[in-house]
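The following exercises are to be solved with the sequence and the structure at hand. Each task is followed by a worked solution.

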Amino acid sequence: MITLCYSPGSCSLAPHIVLREIGVPFTAKRFAADLRENYSDEYLQINPRGRVPALMIDGFTMTETPAILAYLGRRFPDSELFPSNSLESEARCLERLAWSSNTVHVAYAQIRRAERYVLNPADYATVRDGGHHYFQRCIAEMDEHLQQNRFALGDRYSVVDPFWLVFYRWGCRQSYEMAERFPALTTYVTRLVARPAVQQTLDAEGISIWPNAGRPDRKT
């Protein structure tokens with residue numbers, strides 16, 4: 001039995017998509033972070049840190065998005081979402097997951113969770129400004145990569161791509177002009193959203209990638 005604990009639109013969107021790509025039966029349990037449900041007694045019994053996602057599979061519980069994504073890709077090799085043709089390709093996938101979590105996600109957390117990084121509220125604005133700067137720099141790096149590659153790992157769709165989709169959505173929510181400033185990334189995200197598993201997951205979470213009635217050609 002597989003259960004994914006998620007919060008709509010958070011980084012848990014990535015493993016939620018991957019589970020639907022794999023096509024195995026699973027249960028999705030919603031713990032909305034904006035309602036602080038991830039700090040409920042029920043969820044803290046699952047993950048005492050109070051962070052989503054959490055994956056429970058056959059009595060084994062794990063947390064942290066990159067670990068869950070790598071685990072799912074390797075647990076279900078027929079999905080071909082985790083490279084297995086060489087040690088180098090596996091390492092590249094793990095490298096992308098680590099960068100996505102340790103650099104890109106951390107930059108965004110500075111915007112949304114400044115209190116994690118400094119104790120003095122007077123410094124929150126400076127932390128947020130730094131977060132905006134570094135998060136947009138990361139998005140620009142993705143865009144540059146995708147000018148020459150179809151996916152995060154080159155020519156193959158993998159567990160990394162749903163993670164990058166999350167970051168694009170977050171950029172839209174910060175009112176960055178994503179389509180104008182990052183056209184390669186926007187084209188890539190448009191392809192991802194056309195995948196049935198991605199659309200099913202967005203519908204299940206009740207969210208959209210695109211603001212403004214779902215049109216990627218509009219300013220975001």
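**Exercise 1.** Is helix 6 largely enclosed by the rest of the structure or largely open, and why?

*Solution.* The model is a predicted one. A residue is taken as buried when its relative accessible area is under 20%. By this criterion 13 of the 14 residues of helix 6 are buried, so the helix is largely enclosed by the rest of the structure.

**Exercise 2.** Compare the expected span of helix 6 with the distance between its end C-alpha atoms.

*Solution.* Helix 6 comprises residues 160–173, which is 14 residues. The expected span is 1.5 Å times one less than the number of residues. This gives 20 Å for helix 6, and its end C-alpha atoms are 21 Å apart, which agrees. After helix 6 comes serine 175, with a positive phi near 65°.

**Exercise 3.** Describe how domain 1 and domain 2 meet.

*Solution.* Begin with the bounds: the domain assignment gives domain 1 as 2–79 and domain 2 as 87–195. For residues 1–80, the unreviewed UniProt entry lists "domain: GST N-terminal". Next, the C-alpha centres of the two domains lie 20 Å apart, and 15 residues of domain 1 are in contact with 15 residues of domain 2. Together the domains bury about 1,200 Å² between them, 70% of it on carbon and sulfur atoms. In domain 1, the residues that lose the most area to domain 2 are Cys11, Glu21 and Pro66, together 31% of what that side buries.

**Exercise 4.** How many salt bridges are counted between domain 1 and domain 2?

*Solution.* The count is two. Glutamate 21 also forms a salt bridge with arginine 195, where the closest N and O atoms are 2.9 Å apart.

Notes. Residues are numbered from 1 along each chain as its sequence is written. This is a predicted model: local features need pLDDT of at least 70, side-chain atom pairs count only at pLDDT 80 or more; totals for chains, interfaces and linings use all residues. Side-chain values use heavy atoms; hydrogens and water are left out. UniProt positions are given in the numbering used here, feature names are shortened, and annotations may be inferred rather than shown by experiment. Helices (H or I, at least four residues) and strands (E, at least two) are DSSP runs, numbered from the N terminus. Buried means under 20% relative accessible area, exposed over 50%, partly exposed in between (1.4 Å probe, protein chains only). Domain bounds come from an automatic or database domain assignment. Contact means heavy atoms within 4.5 Å. Buried area is the accessible area (1.4 Å probe) that two parts lose on being put together, summed over both. A salt bridge is a side-chain nitrogen of Lys or Arg within 4 Å of a carboxyl oxygen of Asp or Glu.
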